[in-house]
Every structure is written in C-alpha cells, then in structure tokens.
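Notebook open, model loaded. I want to go through the folds, one arginine and one pocket, and jot down what I find.

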Amino acid sequence: MSLDDKLDRVVARHEQLSDMLAKSDGSDPQEFVKLSKEYSELNGVVETIRELRGVREDISGLKEILEDHETDSEMRELATLEIEELREREPDVEQKLKLMLLPRDEADTKNAILEIRAGTGGDEAALFAADLFRMYQRYAENRGWKVEIMASSDTGIGGYKEIISSISGSDVFARLKYESGVHRVQRVPDTESSGRIHTSAATVAVLPEAEEVDVHIEDADLRVDTYRASGPGGQSVNTTDSAIRITHIPTGIVVTQQDEKSQHKNRAKAMRVLRARLYEHERQLIDAERAQARKSQVGSGDRSERIRTYNFPQGRVTDHRINLTMHKLEKILDGEALDELVDALVTEDQAARLSEDETTDA
C-alpha cells in the first residue's frame, strides 16, 4: 500500500469517527469513550496530512507559475526561492507523518513494574543493583513520575539482591521498556585494596503494569501459600503468617511478597506483580510469532541479553545494541543524562521499524 493510500484511509476513518460521535446518543458510554480516544489520537495525524498535502499543492502551483512563459522575471525569482524552501520542508513533514503512522505499542501508555536483581559478582553486584535503582528513581523524579517500592531484599551493606517497584506517570513504559536486559559494571570495589577492576552484573526487567481488564486470572489457576516473613539471615521478622507466595499454575509463574505486615496488603501487591508478569508473558508469545520483525527492533526485552556497560575507570557508559558510548557516567547514574540514551534508543527503534515498514510496502 502506498503512503497516499494510507493517508486516504486515515482521513476517511477520522471523518467516519466524527460522524459516529455526532450521531451518538450516549447510550453506550464505554463505546463513546473508545471512539473519542481514537478520534483524538487521529487529530494530530490528520493535521499533519493536511500540512503535507498543502506543501505539495503549493509546490504544484509554483511549478505552473514557472512553466508559464508570461511570468515576469521578478515573479519567477520569488517562485523559485519559495519552491526550494517547500522542497526542503516536504521530506521533514513526510518523515514526521511516517513516524506518526507507525503502530504504537499498546503498552506504551501504561505504568511499569521495575524489577532489578543482582547477578554475578556477589556483594558488588548487589551494590550495583542499588545504584541502578537509584538511577531510575532519580530519572522518575525528573520526569514527575511516582515510584513505589513493592518488595526488596537488601544485603545490609547498602545493596539489593532484588528490588521490585512500580513506577506511575505519563508514558512510563514507552520510555523504560528499552532498559530490560543485563547491565554490566566495571569498577574497583571499595573493599579491593590492590585497585583491581571487578566486573559485576545486574538484570533489569521492565514490565507494563496490567489492569484487571488486561489480564483475566481464574482463582482456580492460583495456588496461594502463606508463611512467616523472614529478615536477613533467615530471622523471623513477623509473628504471624503474613507473607504470601502466589503460583500461577498454568504458566508456573511464582510471586512472593512479604514487605507488608498485613497479609491482605501483601496479596494485593503480589497480584499486581503477577498481572504484570502474565501480561508480559502474553506479549512475548505474540512477539515470538513475529520473530523476524522482533530481530529488527532495539528493545527485544530479552533479559539474558547484555545491553549496557558502565565503566567507572573511564567514566563511560556503552549501550551495545546501538554501539553508543557516552562519557557521562555520573550524569547517567544521577538520572540526569539517561534521557539522551533513551532518545537514541527510541530513534534507532523507529528507524528500524520505518525501514521494515517500507520493505513490507515495496
């Protein structure tokens, strides 16, 4: 399908939605909200379509002026300058439109569950996991997002074996989805007297937070176990069986939660994490069916893939997926320059999807 055919279909759908909304009697509020949302999302696209077609019409009109032998030299000069400006503007508007027409990941507008786990490297890996969590926490603060710690297992020396949090705000998953994978750190630990550089790793998983309407969970598919919460070293920190372990039998996904003293609160938090993991499980099954397409995407979400290295001695961060190195380690870990990395990943992903889209159309 040509670009013009796609544009015609978008404009036709926009007009159809306008008519449907005008004729709606409000008897089905959910349907009205759904149509209104789609209409609103198409407004910007239709505006850009009109802009592109306006540019092309102006170019066509100016060509007629230049081809008219009766056009005087002054008018011809003005028309030539204007047509050059419009021809420079046309590809930019067309590119903007192509990006707007790319299918959006329906999860992009969702909040996210962020899971960070220490990998190889013992205490140093746990300290790095804590550094990563602080990075995302500060990044979230800079963007006006809210961070809520849902579960954590600390080492007692400032590190985390595991920390799970929810992040809510505008387009959280759209920005953080590229962070899933293995993050590697190279630095000299404070305990290293010889100054030898150690390499440690932590795994990050970013899951779109699912609503109950996104994932239907049957009670019969759940096995719920309660037990006494334990602290560092296995010591009991609760006198009641408030900790919760939920197993989703069909998939084998297990979620544990013990941070709250209330069994009810622990269950509610565990269900939020379970919904997110099941939603992501479904997304991965769909992605597997489009395996070829996924290979061209930057954010495959493969948690076993080494995606980034943080090198302290050289003060640099390298993202291996796009071969980008930035000598802004401290600013990135402060959450200040993380946007630069994310923007580069978004741009690369869009370019890959545009190329794929054009190949499909050819």
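**Overall counts**

I started with the secondary structure, and the protein comes to 9 helices and 11 strands. Note to self: this is a predicted model. I looked up burial next, and of the 362 residues, 38% count as buried. Then I checked the contacts with a separation of 6 or more: 61% of them are between residues 24 or more positions apart.

**The 8-stranded sheet**

I traced the strand order of this open sheet as β2-β3-β1-β5-β4-β9-β10-β11, and the pairing is mixed. Which strands stand at the edges? They are β2 (146–154) and β11 (324–326); each has a single partner strand, so one side of each lacks a neighbour in the sheet. From one strand to the next, the twist averages 15°.

I then zoomed in on one pair from the middle of my list. Strand β1 (residues 112–118) pairs with strand β5 (residues 198–208) over 7 bridges, in the antiparallel sense. For a register check I took A118, which stands opposite A202 in β5.

**The 3-stranded sheet**

There is also an open sheet of 3 strands, ordered β6-β7-β8, and its pairing is antiparallel. Here β6 (222–227) and β8 (253–257) are the edge strands; each has a single partner strand, so one side of each is left without a neighbour in the sheet. I got an average twist of 15° from one strand to the next.

Strand β7 (residues 243–248) took up most of my time. I asked myself how many of the residues of β7 are buried. I found that 5 of the 6 are, so β7 is largely enclosed by the rest of the structure. A reminder for reading strands like this: in a regular strand, side chains alternate between the two faces of the sheet.

On one side of the pairing list, β7 is joined to β6 by 6 bridges, with the two strands running antiparallel. I noted two register points: L222 has H248 as its bridge partner in β7, and T226 stands opposite I244 in β7.

For the other partner, β7 and β8 pair over 5 bridges, again in the antiparallel sense. R245 stands opposite T256 in β8. These two strands form a hairpin with 4 residues between them, and in the turn I spotted G252 with a positive phi of about 80°.

**R277**

Next I picked R277, which is found in helix α6 (residues 263–289). Buried or exposed, I wondered of R277? R277 has a relative accessible area of 16%, and the cut-off for buried is under 20%, so R277 counts as buried. Leaving out residues up to four places away in sequence, R277 touches E115, R117, I164, L207, I253, V254 and V255.

**The second largest pocket**

Last stop was the second largest pocket, which holds about 810 Å³ of space. I listed its lining and got 21 residues, with E41, L42, L102, P103 and R104 lying nearest the centre. What classes make up this lining? I tallied 12 charged, 8 nonpolar and 1 polar.

I also wanted to know which helices supply the lining. α1 (3–23), α2 (29–67) and α3 (73–101) each supply at least two residues. α2 gives the most, with 6 residues of the lining.

Technical notes
Residues numbered from 1 in each chain as written. Predicted model: local features only at pLDDT ≥ 70, side-chain atom pairs only at ≥ 80, totals over all residues. Heavy atoms only, no water. Buried < 20%, exposed > 50% of the residue type's maximum accessible area, 1.4 Å probe, protein only. Contact = heavy atoms within 4.5 Å. Pairing = 2+ DSSP bridges. Axes fitted to C-alpha atoms, helices over the stretch in contact; angles between N-to-C directions. 1 Å grid on protein atoms, 1.4 Å probe; cavity = no way out; pocket = protein on both sides within 12 Å on 5 of 7 lines; lining within 4 Å. Points joined across faces, edges and corners; volume = space filled by probe spheres on them. Nonpolar A, V, L, I, M, F, W, Y, C, P; charged D, E, K, R; others polar.
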